[in-house]
Amino acid sequence: MPESIVIVTGGSRGIGAAACQSAAELGHTILVNYASNKAAADQVVADIEAAGGKAFAVQGDVRSEADILALFKACDDRGTLAGLVNNAGVVDMPCRVDEMTVERLSRMFEINLTGSFLCAREAVRRMSTRHGGKGGAIVNLSSAAAKLGAAAQYVDYAASKGAIDTFTVGLAREVADEGIRVNGIRPGIIDTEIHASGGQPERVAMIEASLPMKRAGTAGEVAKAIKWLLSDEASYTTGAILDVSGGRSILP
Ligand code: NAP
């Protein structure tokens, strides 16, 4: 019996790491992708194995098509793809649109959007019944920013996530009768290192009191939703985008 594999891009830290743990609980072998933090990815693998699951780490930058092809080859070498979590994503320094460089915009859209498209392309080629596959599930990480716009912070990031929402709905309909469900999640403010990577390490602490629940979410809380969307429990759910934002995304 070949191993059933779920690929989590950006699985080494934050929401991706929690998603790896949760998806492993479904009985899948987890391909923990990471960009550069091998130690963090190895720790995710060790934690899954300590809990009785199976996982392996594969380096790859989703900005590179060659890396994405190698990632899926590593999956093929080990077993059969059953799911993809398009989680790898970046923010950037707070900046107005009238200050944005083409280099910044290229990085943002190549990682957050093109990378997700290319990973989904490879997943559909393997999972679609049209291509002889057995079906599967794709979960795309959007953001509450897709609705809020992230003015004076990173409108480019928000726009990349708005595009992820459209991509989710379109791909879901494209492969709905090919055994593949495609759904999205819009997290609100989640306590991970992404805020420090955008030059705002204090962002969670500063914003928390203004949030509807007066607290940020945890990566584990988002991972529970990812786990459900990956699972057969969500067998009639496709093209859905779930707000896991503690009510933040309904604010004006
Ligand atoms: P994070 O803590 O910054 O972790 C980012 C992960 O993505 C790391 O595993 C990192 O790998 C990986 N990564 C970054 N660039 C990559 C690339 N080019 N190729 C492959 N992997 C790459 O982020 P997070 O907060 O968990 O966010 C995860 C997703 O949720 C993102 O799509 C983000 O936009 C979305 N989201 C987050 C929040 C939030 O408040 N945290 C809110 C809404 C949406 P290394 O460890 O190797 O660097």
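These are my notebook entries on an annotated domain, the cysteines, one strand and the ligand site of a predicted model.

**Entry 1, the annotated domain.** I started with the UniProt record. The entry, which is unreviewed, carries the annotation "domain: Ketoreductase" for residues 4-192. I then looked up the make-up of that stretch. Over residues 4-192 I found 47% helix and 21% strand. The C-alpha atoms at the two ends of the stretch are 29 Å apart.

**Entry 2, cysteines.** How many disulfides are there? I noted zero disulfides. I took Cys119 as a case to follow up. The closest cysteine sulfur to that of Cys119 belongs to Cys75, and the two are 11 Å apart. A pair has to lie within 2.5 Å to be counted, so Cys119 is too far from Cys75 for a bond. I also checked whether Cys119 is buried or exposed. Its relative accessibility is 0%, so I put Cys119 down as buried. Cys95 has a relative accessibility of 11% and therefore also counts as buried.

**Entry 3, strand 6.** I went next to strand 6, residues 180-187. Eight of its eight residues are buried, so strand 6 is largely enclosed by the rest of the structure. I listed the side chains by direction. Ile180, Val182, Gly184 and Arg186 point one way from the strand. Arg181, Asn183, Ile185 and Pro187 point the other way. Both sets are buried, and I noted that they include Arg181 and Arg186.

Which strands pair with strand 6? Strand 5, residues 136-141, pairs with strand 6 in the parallel sense over six bridges. Within that pairing, Val139 stands opposite Asn183. Strand 7, residues 241-244, also runs parallel to strand 6, and here I noted four bridges. Gly184 of strand 6 has Ile241 of strand 7 as its bridge partner.

**Entry 4, the ligand site.** I counted 32 residues around the ligand. Which of them come nearest? They are Ser12, Ser36, Asp61, Tyr157 and Thr192. I then looked up polar contacts to oxygen atoms of the ligand. For Thr192, a polar side-chain atom lies 2.4 Å from a ligand oxygen. For Tyr157, an N or O atom of the side chain is 2.6 Å from an oxygen of the ligand. For Gly10 the contact is through the backbone, with a polar atom 3.1 Å from a ligand oxygen. Last, I checked the cover: the ligand taken alone exposes 900 Å², and the protein buries 94% of that.

Definitions and conventions:
Residues numbered from 1 in each chain as written. Predicted model: local features only at pLDDT ≥ 70, side-chain atom pairs only at ≥ 80, totals over all residues. Heavy atoms only, no water. UniProt positions renumbered as here; feature names shortened; annotations may be inferred. Buried < 20%, exposed > 50% of the residue type's maximum accessible area, 1.4 Å probe, protein only. Pairing = 2+ DSSP bridges. Near = heavy atom within 4 Å. Polar contact = N/O pair within 3.5 Å; in protein donor to acceptor, adjacent residues only side chain to side chain. Areas by Shrake-Rupley, 256 points an atom, 1.4 Å probe, with all protein chains shown as cover.
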